[in-house]
Amino acid sequence: MNNFIQSLKNRNLLHQSTFKSIIPNDITTIYGGFDPTAKSLHVGNALLLMALFRGQIHGLNSIYLVGGATGLIGDPSFKDKERPELSIENVYENTKYIMNQIKQWIHNAKEFSSMRGINTPGKELILNNADWLGKISFIDFLKRVGKHSKVSIMLQRECVKKRMEREESISYTEFTYQLLQGYDYHYLYKNYNCTLQIGGSDQLGNMIAGIDLIHRVERFDSPVFAATLPLLTNDQGKKYGKSEGNAIWLDETLCSPFDFYQFFLNSTDSLLERLLFSFTFLDAAEIAEILNEHEKNPEKRIGQIELASHVTELFHGSLKKAHTMTQLCFGSKDSFPSSSSLMDAFVGSSNFHSINQSNCGKSKVADILALVGICKSKSKTI
Ligand SMILES: N[C@@H](Cc1ccc(O)cc1)C(=O)O
């Protein structure tokens with residue numbers, strides 16, 4: 001069985017899939033897409049980013065697709081209203097930012113993994129679907145995609161049905177979205193031999209549109225698959241990823257590493273195990289060890305500290321983590337002498353006592369020690 005798929009299963013990260021009884025083991029390339037509806041991705045996108053990276057750890061090539069074209073159309077999946085239209089300039093800018101953000105993230109994730117002895121043999125590719133969807137003419141699209149797509153099937157999509165029940169219905173533009181995503185999958189299958197698409201729990205319909213198209217245009221038994229990740233909800237059953245109604249952005253100018261860290265630090269005990277499996281590269285034994293320590297003294301929030309440190313370092317990198325530490329300790333990064341002495345502390349030199357000698361509270365020092373400790377302790381994990 002494919003190790004990557006098995007590892008998603010083991011972490012409870014496989015929600016739905018089109019694999020029947022046999023799990024394919026000859027997948028070499030996978031893809032997941034992100035529409036540039038804002039300047040930055042948010043915690044809600046983190047599971048997909050991480051799943052693609054987990055693929056690379058297992059030797060697969062991962063395509064991180066940014067929807068420079070689909071972002072102009074708007075995915076109607078699980079949206080009860082027409083999406084506000086974004087201007088071409090706006091989507092173009094967002095696409096640039098997000099492609100950069102993904103590039104930076106992969107860089108951080110590689111550095112983070114190699115510090116722990118985790119190899120990432122699989123390659124990454126960051127693509128923009130405007131590069132092909134922006135070039136195909138309307139007539140060509142109708143001939144190459146529309147002709148193979150049955151309206152009766154398109155109308156069966158849950159989100160389409162829901163929207164048709166409402167007076168405002170659904171625009172032809174958003175109705176077509178599933179075909180655009182379907183065309184992406186076909187394009188990536190033909191040009192990159194991509195045979196697995198992964199995405200959020202609301203994406204299965206769009207992914208199946210792609211599989212159908214490939215089956216109709218290529219061979220009816222072409223080995224192409226789709227899998228969705230679970231939707232993480234908080235204790236109130238709301239989507240996990242917002243604090244006081246605001247999305248937890250991955251861009252540090254929209255959400256500081258400090259706030260990002262605090263968001264994970266504030267996770268409840270009941271979610272802890274789930275979050276450790278979802279948002280870290282720690283293995284089951286390491287997670288069991290952390291939970292064991294945590295349960296001995298839950299007020300110390302050892303589990304939350306491990307979680308918050310791991311995710312903050314993964315998404316914000318070690319230098320940023322140092323600033324997070326400063327902010328944790330002093331409230332503001334400006335009041336600390338220099339980030340280089342902090343970095344020394346961070347890598348475990350004797351300068352670390354300078355933090356201890358400062359006037360920050362004991363519990364904060366414990367947090368910081370935990371942050372530093374985690375970076376030195378773990379070796380192999382997936
Ligand atoms: N529709 C996806 C983004 C996406 C775009 C293009 C694709 O080919 C795949 C996925 C979402 O809204 O999350």
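These legends go with a set of close-up views of a predicted model.

**View A. Who sits around the ligand.**
Twelve names to pick out here: Tyr31, Gly33, Asp35, Leu65, Thr70, Asp75, Asn129, Tyr177, Gln181, Asp184, Gln197 and Gln203 surround the ligand. Sorted by type, the shell comes to three nonpolar, six polar and three charged residues. Two elements, strand 1 (29–34) and helix 10 (177–192), each put in at least two residues. Helix 10 is the top contributor, with three.

**View B. Polar side chains up against the ligand.**
Zoom in on Tyr31, Gln181 and Asp184, which are all part of the shell. Asp184 has a polar side-chain atom 2.5 Å from a ligand oxygen. For Tyr31, a polar side-chain atom also faces a ligand oxygen, this time at 2.8 Å. Gln181 deals with a nitrogen instead: an N or O atom of its side chain is 2.9 Å from a nitrogen atom of the ligand. As for cover, the ligand on its own has 350 Å² of accessible area, and the protein hides 87% of that.

**View C. Strand 1 alongside strand 2.**
These two strands run parallel and are joined by six bridges. One spot to look for is Phe34, which stands opposite Val66 of strand 2. To get from strand 1 to strand 2, the chain passes through helix 2 (residues 43–57), making a right-handed β-α-β crossover. Strand 1 also helps line the ligand site, as it supplies at least two shell residues.

**View D. Strand 2, with a partner on the other pairing too.**
Strand 2 (residues 61–66) is largely enclosed by the rest of the structure, because five of its six residues are buried. Buried here means under 20% relative accessible area. Besides pairing with strand 1, strand 2 pairs with strand 3 (residues 124–128), again in the parallel sense, over five bridges. Val66 turns up once more: its bridge partner in strand 3 is Asn128. While you're looking at the side chains, keep in mind that in a regular strand they alternate between the two faces of the sheet.

**View E. Over to a loop with Pro223.**
Pro223 sits in the loop that links helix 11 (204–217) to strand 5 (225–228). Its relative accessible area is 42%, so Pro223 counts as partly exposed. The cut-offs behind that call put partly exposed between under 20% for buried and over 50% for exposed. For a sense of scale, take Ile136: Pro223 and Ile136 are 87 residues apart in sequence, and their C-alpha atoms are 26 Å apart in space.

Note on methods:
Residues numbered from 1 in each chain as written. Predicted model: local features only at pLDDT ≥ 70, side-chain atom pairs only at ≥ 80, totals over all residues. Heavy atoms only, no water. Near = heavy atom within 4 Å. Polar contact = N/O pair within 3.5 Å; in protein donor to acceptor, adjacent residues only side chain to side chain. Areas by Shrake-Rupley, 256 points an atom, 1.4 Å probe, with all protein chains shown as cover. Helix = DSSP H or I, 4+ residues; strand = E, 2+ residues; numbered from the N terminus. Nonpolar A, V, L, I, M, F, W, Y, C, P; charged D, E, K, R; others polar. Buried < 20%, exposed > 50% of the residue type's maximum accessible area, 1.4 Å probe, protein only. Pairing = 2+ DSSP bridges. Right-handed = clockwise from strand over helix to strand, strands pointing away.
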